Amino acid sequence: MSRLLACDWGSTNLRAWVLDAGGAILAHRSFPLGVQKLEPGEAARRFADEVRPALEAQDLPALLCGAVGSNIGWITVPYVDCPADLTQVADGLVQADDKVWIAPGLRCDGLDGACDVLRGEETLALGWLAADPARAKGRWLICQPGTHGKWLVAEDGRITRFLSAFTGELYAVLSAHSILRSSGQGRDLAVFDEGLTAAGDGDALLNRLYTARARVAGRGADQESTADYLSGLLIGAEVAATPALLGLADAPVQLVGDAGLCERYERALVRRGVTVHRHEGEPAVRAGLLALAKMRGLL
């Protein structure tokens with residue numbers, strides 16, 4: 001039976017699946033092996049010594065996507081320029097080792113002609129598009145919340161452009177290493193909504209961020225509530241500004257990713273009157289890896 005070891009290997013975590021040719025999951029494991037935690041040259045050894053044996057996949061072809069193909073990963077895989085579809089991404093696969101291939105990321109012109117890049121999100125977005133033939137036509141605005149939020153525009157099956165947002169990483173840094181630090185994000189949606197209000201239209205973010213400090217120092221708010229407030233402020237600013245920067249301020253948004261994070265983004269978008277559809281991220285990235293593998297004859 002044809003099988004594939006499919007891996008989404010990001011900066012903080014590695015998710016791996018053994019898939020059959022129809023996409024059924026035969027085995028699944030997660031590993032705390034984000035590439036940010038690895039020394040140069042360590043990825044190849046740990047993949048062979050830990051990941052493959054854990055899934056009994058020593059002899060299977062492996063296809064990896066994500067930060068593992070970046071300049072801090074296993075090897076640097078050149079970016080594919082937008083617009084790009086499954087065929088062009090498949091053509092950009094690079095063999096990193098015996099029976100190991102890594103997918104490329106995408107590159108496009110971002111704000112004011114500056115470069116924007118992503119890795120891994122292209123596989124998820126293309127997998128989401130491939131999962132339903134109806135998605136091969138028309139224009140779609142896909143949001144993938146995360147450490148670095150990605151907003152991708154797909155037109156007739158091709159990713160034509162995208163914008164990245166530093167939201168998740170900025171939240172993590174401010175929560176742990178600034179005057180806004182707190183013990184962690186809770187589940188107080190009322191405070192989260194306060195942050196959404198404070199975000200306004202996403203402009204003047206540096207000034208708006210200071211309200212997270214002022215509400216504690218000047219109005220006696222609980223310091224531990226800062227996490228939810230900050231989450232709302234940053235997510236609110238992202239969802240207010242990014243679609244508008246893409247010229248799609250009123251377009252429906254396809255949220256694809258972690259359920260908990262997508263829930264917060266949906267709350268922020270609905271508050272602005274935007275139509276939202278939520279989708280699970282893992283099935284989409286598996287579909288993308290499977291489609292790329294078949295296109296390159298890996299299974």
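**Exercise 1. Is Glu42 buried, partly exposed or exposed?**

Solution, step by step. Keep in mind that this is a predicted model.

- Start with the cut-off: buried means under 20% relative accessible area.
- Glu42 has a relative accessible area of 15%.
- Therefore Glu42 counts as buried.

**Exercise 2. Find the salt-bridge partner of Glu42, and say where the two residues sit along their helix.**

Solution, step by step.

- Here is the general idea: side chains of opposite charge can pair when their charged atoms come close.
- The partner of Glu42 is Arg46, with the closest N and O atoms 3.1 Å apart.
- Both residues belong to helix 1 (residues 42–54), and because they are four residues apart there, about one helical turn separates them.
- Now look at Arg46 again: Glu50 also forms a salt bridge with Arg46, and here the closest N and O atoms are 2.8 Å apart.
- Glu50 and Arg46 are likewise four residues apart in helix 1, so about one helical turn lies between them.
- Glu50 is partly exposed, at 30% relative accessible area.

**Exercise 3. Work out which parts of the chain are tied together by the salt bridge between Asp81 and Arg107.**

Solution, step by step.

- The two side chains meet at 2.7 Å, N to O.
- Asp81 lies in strand 5 (residues 80–81), while Arg107 lies in strand 8 (residues 106–109), so this pair joins parts that are 26 residues apart in sequence.
- Check the surroundings too: Asp81 is partly exposed at 42% relative accessibility, and Arg107 is partly exposed at 33%.
- To widen the view, the structure holds 14 salt bridges, and Asp8, Arg15, Glu282 and Arg286 are linked in a network of them.

**Exercise 4. Explain why Cys65 and Cys108 form no disulfide with their closest cysteines.**

Solution, step by step.

- A disulfide is a covalent bond between the sulfur atoms of two cysteines.
- The cut-off for the sulfur pair is within 2.5 Å.
- For Cys65, the closest cysteine sulfur is in Cys7, 8.6 Å away, which is too far for a bond.
- For Cys108, the closest cysteine sulfur is in Cys82, at 5.0 Å, again too far.
- The count for the structure is zero disulfides.

**Exercise 5. Describe the largest nonpolar core and one of its best-connected residues.**

Solution, step by step.

- This core has 36 residues, and Leu63 and Leu106 have the most contacts inside it.
- Helix 9 (residues 281–295) gives the most to this core, with six residues.
- Leu106 touches several residues farther along the sequence than four places, including Tyr79, Val80, Ile159 and Phe162.

Definitions and conventions. Residues are numbered from 1 along each chain as its sequence is written. This is a predicted model: local features need pLDDT of at least 70, side-chain atom pairs count only at pLDDT 80 or more; totals for chains, interfaces and linings use all residues. Side-chain values use heavy atoms; hydrogens and water are left out. A nonpolar core is a set of buried Ala, Val, Leu, Ile, Met, Phe, Trp, Tyr and Cys residues joined through side-chain atoms within 4.5 Å. Buried means under 20% relative accessible area, exposed over 50%, partly exposed in between (1.4 Å probe, protein chains only). Contact means heavy atoms within 4.5 Å. A salt bridge is a side-chain nitrogen of Lys or Arg within 4 Å of a carboxyl oxygen of Asp or Glu.
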